[in-house]
Amino acid sequence: MKRLAAPKAVPIHDKKAKKWMARSVPGPHGTEGAIPLSVLMRDVLKLADTLFEVKKILNARKVLIDGVARTEPNYPIGLMDVIAIPEAKLYYTITVVRGKLEPHKIEEKDAHHKLLRVVGKRTTPGGKISLLFHDGRNSFADSHVKVGDSVLFSLKDGKIEKLLKRGTKAKCLIVSGKHSGKEAQIEKFFESKEGRPMEALVKTKEGEVRTLADYLFITGEAHE
């Protein structure tokens with residue numbers, strides 16, 4: 001695609017430097033909310049100078065995305081994905097900074113877990129509760145988990161390790177809207193009226209902000 005038409009979430013600031021850039025292939029994240037792996041490695045992390053070098057690194061299976069080696073240069077990297085390059089001892093998770101997806105360095109011990117937001121829930125024919133997460137994963141859970149909650153997911157064994165409820169005093173990250181990228185604590189919810197989406201009042205370092213509840217990604221447990 002043309003760099004000038006790159007999605008707002010892609011952290012490219014020199015859009016006029018070159019005419020073209022890679023487009024994400026279909027995957028766990030949509031094009032508008034993902035960074036092509038080649039762009040992340042070459043233009044953001046500066047781990048390679050050319051696409052040829054990126055392909056060489058990927059084909060050697062040195063880059064793990066959520067614990068799985070990926071060789072597709074245009075594989076979509078999205079929110080909370082975990083990137084590990086064990087040979088270089090580099091570990092990152094993708095977060096939001098001022099509306100753009102940005103890699104954040106983490107420790108090796110944290111690269112075995114991932115935060116997932118519940119975006120869908122249904123009951124299977126066998127009576128089990130199936131959850132759909134923001135990165136396309138599915139998992140079975142009990143009825144206490146609701147849409148909007150987050151879970152700490154083990155990338156090693158594919159199991160839910162902890163439930164983080166979307167409730168008052170819970171820590172969260174605003175992932176969309178004009179306040180995206182701000183860390184906050186939920187103060188209260190406002191019930192939806194006339195079909196409008198539910199809103200929430202959150203406290204950030206700059207003060208209180210009212211935003212849509214769907215814009216909140218729960219990152220920590222509630223504390224008084």
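Begin by selecting K114 and D81, whose side chains form a salt bridge with the closest N and O atoms 2.7 Å apart; K114 lies in strand β8 (residues 113-123) and D81 in the loop between β4 (76-77) and β5 (82-85), so the pair ties together parts that are 33 residues apart in sequence. Bear in mind throughout that this is a predicted model. Color by accessibility next: K114 is buried, with a relative accessible area of 1%, and D81 is buried as well, at 2%.

Now extend the selection to D66, D135 and R137, which are linked with D81 and K114 in a network of salt bridges. Within this network, the side chains of R137 and D66 meet at 3.1 Å, N to O, and the pair links distant parts of the chain, with R137 in the loop between β9 (129-133) and β10 (138-141), D66 in the loop between β2 (64-65) and β3 (68-69), and the two positions 71 residues apart. R137 counts as partly exposed at 24% relative accessibility, whereas D66 is buried at 11%.

Move on to R210 in strand β16 (residues 207-212) and E199 in strand β15 (residues 199-204), whose side chains meet in a salt bridge of 2.5 Å, N to O. Keep R210 selected and add F190, because R210 also lies over the face of that ring, at 3.7 Å from the ring centre. A further stop is K128, whose charged end sits over the ring of F140, 5.2 Å from its centre.

Finally, zoom out to the whole protein, where the search finds 13 salt bridges but zero aromatic pairs, and where the secondary structure comes to two helices and 17 strands.

Key. Residues are numbered from 1 along each chain as its sequence is written. This is a predicted model: local features need pLDDT of at least 70, side-chain atom pairs count only at pLDDT 80 or more; totals for chains, interfaces and linings use all residues. Side-chain values use heavy atoms; hydrogens and water are left out. Rings of Phe, Tyr and Trp (its six-membered ring) pair if their centres lie within 6.5 Å; planes under 30 degrees apart count as stacked, over 60 as edge-to-face and the rest as tilted. A charge sits over a ring if NZ of Lys or CZ of Arg is within 6 Å of the ring centre and within 35 degrees of the ring normal. Helices (H or I, at least four residues) and strands (E, at least two) are DSSP runs, numbered from the N terminus. A salt bridge is a side-chain nitrogen of Lys or Arg within 4 Å of a carboxyl oxygen of Asp or Glu. Buried means under 20% relative accessible area, exposed over 50%, partly exposed in between (1.4 Å probe, protein chains only).
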